[in-house]
Amino acid sequence: MNALDSTDLKILLELIRDPRIQIGDLSDKLGIARNTAQTRLRRMLRSGVLRDGGREIDLESVGYDVVAFVTIEVTHRELDGVVGALRLLPQVLEVHEISGRGDVWCRVVATDTHNLQAALRSILRIRGVIRTETVLALHTHIPYRTEPLISRLAQGATAQGASAQGASAQDSRGRE
């Protein structure tokens, strides 16, 4: 785990709150010198705490190296309350209502298996939770990504633009 002090953690929090924050604004907000903010950001990028251009935090590098996927069976009339309670658990990264086995799926992180067990017990204590099934992630082969989708859309938009320009050129020649 990287040794992050309170200033590093405050920088990370500000990046989460406003991923497009400028260095000057970040330093003003935290009351630190601009060079300090820039140096710390560079250090966190080099160490791997920050990924993807400095806006995504590698949770494993800050100590949350246990990832679990939890399927939750819920009493349906309690679904909104369950989701609200899950929102209050800091280790719950995302929650999805699902079809199939179970009603809710969530991704949970923990510092170790004892920490995971405590999180799972918290989930089981939520009113409306009937049972859970937990699967541990052993290795992430493909992390969450959107670039391939946006790249495909951009290629399609470029192709459509080119064909629209060709059609427009043919129309204007036909009118001449």
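The following legends describe close-up views of helix α1 and of the largest pocket in a predicted model.

**View 1. Length and start of helix α1 (residues 6-17)**. Helix α1 has twelve residues, which at 1.5 Å a residue should span 16 Å; the C-alpha atoms at its two ends lie 16 Å apart, so the expected and modelled spans agree. At the start of α1, the backbone nitrogen of T7 has a side-chain oxygen of D5 within 3.1 Å.

**View 2. The buried side of α1**. The buried residues of this helix are T7, D8, I11, L12, E14 and L15. Because they cover an arc of only 160° around the axis, they fall on the same side of α1. Among the elements that cover these buried residues are the helices α2 (23-30) and α3 (34-47), together with the strands β1 (50-51) and β2 (56-57).

**View 3. The face of α1 turned away from its buried side**. This face carries I16 and R17, both of which are exposed.

**View 4. The largest pocket and its centre**. The space in this pocket amounts to about 1,500 Å³. Its lining is made up of 34 residues, of which I57, L59, L93, R107 and V109 are the closest to the centre.

**View 5. Elements that line the largest pocket**. At least two lining residues come from each of α1, β2, β3 (66-74), β4 (92-97), β5 (104-110) and β6 (129-137). Helix α1 provides the largest share of the lining, with four residues.

Terms used: Residues numbered from 1 in each chain as written. Predicted model: local features only at pLDDT ≥ 70, side-chain atom pairs only at ≥ 80, totals over all residues. Heavy atoms only, no water. Expected span 1.5 Å × (residues − 1). Buried < 20%, exposed > 50% of the residue type's maximum accessible area, 1.4 Å probe, protein only. Arc of directions from axis to C-beta. Contact = heavy atoms within 4.5 Å. Polar contact = N/O pair within 3.5 Å; in protein donor to acceptor, adjacent residues only side chain to side chain. 1 Å grid on protein atoms, 1.4 Å probe; cavity = no way out; pocket = protein on both sides within 12 Å on 5 of 7 lines; lining within 4 Å. Points joined across faces, edges and corners; volume = space filled by probe spheres on them.
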